[in-house]
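This report considers how one helix is packed within its fold and what surrounds an enclosed space in the interior. The sequence and the model are shown first.

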Amino acid sequence: MTPPAPPRPAQLGPLLARCRLARGWSQQRTAAELCAAAGVPTLSRHEVSRWERQRRVPGGFWLGWLAVVLDVPLVTLAEAAAATRRATRRAVPTRATGPGRAARAGTSPAGRTGPGRTAGTTRGGGAPAIGTG
């Protein structure tokens, strides 16, 4: 008989949400506490939301401050961040395996035009492209 596998590290998003809610804090309050602790006024509630929904994973700087503010061991947050990054890499299709760029960008494959673009212009909105025929 095989011994049971060790428990997998928690994903970072749910862990952050649990720690925040255990303190009775809103995402806004969490962002304010992080800004005050780190001395950086630029973190918003929206970034905390992105972390909790796992749209982004905070780097080492913010992981360190999250550990301080939420009173969670840094190693716990680092392991959860690594697990989230691994899971996210598997879940997100790459250019080689996912849909074509035109489909992802909401553009039509034939004309390569899409929102905010017109046929015959360059990507940066510069001079019209010169067709060959």
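## Packing of helix H2 and the internal cavity

The buried residues of H2 pack against H1, H3 and H4. The model that shows this arrangement is a predicted one. H2 comprises 12 residues, from 27 to 38. From its first C-alpha to its last, H2 reaches 16 Å, close to the 16 Å expected at 1.5 Å a residue.

Which residues of H2 are buried? They are Gln27, Thr30, Ala31, Leu34, Cys35 and Ala38. These residues lie on the same side of H2, because they cover an arc of only 135° around the axis. The spacing follows a general rule: an α-helix has 3.6 residues a turn, so residues three or four places apart point the same way.

The setting for this packing is a protein with six helices and zero strands. Read from the N terminus, its elements run α-α-α-α-α-α. The protein has 133 residues, of which 27% count as buried. Of the contacts between residues at least 6 apart in sequence, 48% join residues at least 24 apart.

A search of the whole structure finds one cavity of 30 Å³ or more. The volume of the largest cavity is about 40 Å³. Its lining is formed by Leu16, Arg20, Thr30, Val48, Trp51, Glu52, Leu66 and Leu70. The elements that give two or more residues to this lining are the helices tabulated below.

| Helix giving two or more lining residues | Residue range |
|---|---|
| H1 | residues 12-22 |
| H3 | residues 45-52 |
| H4 | residues 60-70 |

H3 provides the largest share of the lining, three residues. By class, the lining has five nonpolar, one polar and two charged residues. Thr30, one of the buried residues of H2, is also among the residues that line the largest cavity.

Arginine 20 deserves separate treatment. This residue is found in helix H1 and belongs to the lining of the largest cavity. Is Arginine 20 buried or exposed? With a relative accessible area of 10%, Arginine 20 counts as buried, because the cut-off for that class is under 20%. Not counting residues up to four places away in sequence, Arginine 20 touches Trp25, Ser26, Gln27, Thr30, Glu52 and Leu70. Among these partners, Gln27 and Thr30 are buried residues of H2, while Thr30, Glu52 and Leu70 also line the largest cavity.

Terms used: Residues numbered from 1 in each chain as written. Predicted model: local features only at pLDDT ≥ 70, side-chain atom pairs only at ≥ 80, totals over all residues. Heavy atoms only, no water. 1 Å grid on protein atoms, 1.4 Å probe; cavity = no way out; pocket = protein on both sides within 12 Å on 5 of 7 lines; lining within 4 Å. Points joined across faces, edges and corners; volume = space filled by probe spheres on them. Helix = DSSP H or I, 4+ residues; strand = E, 2+ residues; numbered from the N terminus. Nonpolar A, V, L, I, M, F, W, Y, C, P; charged D, E, K, R; others polar. Expected span 1.5 Å × (residues − 1). Buried < 20%, exposed > 50% of the residue type's maximum accessible area, 1.4 Å probe, protein only. Arc of directions from axis to C-beta. Contact = heavy atoms within 4.5 Å.
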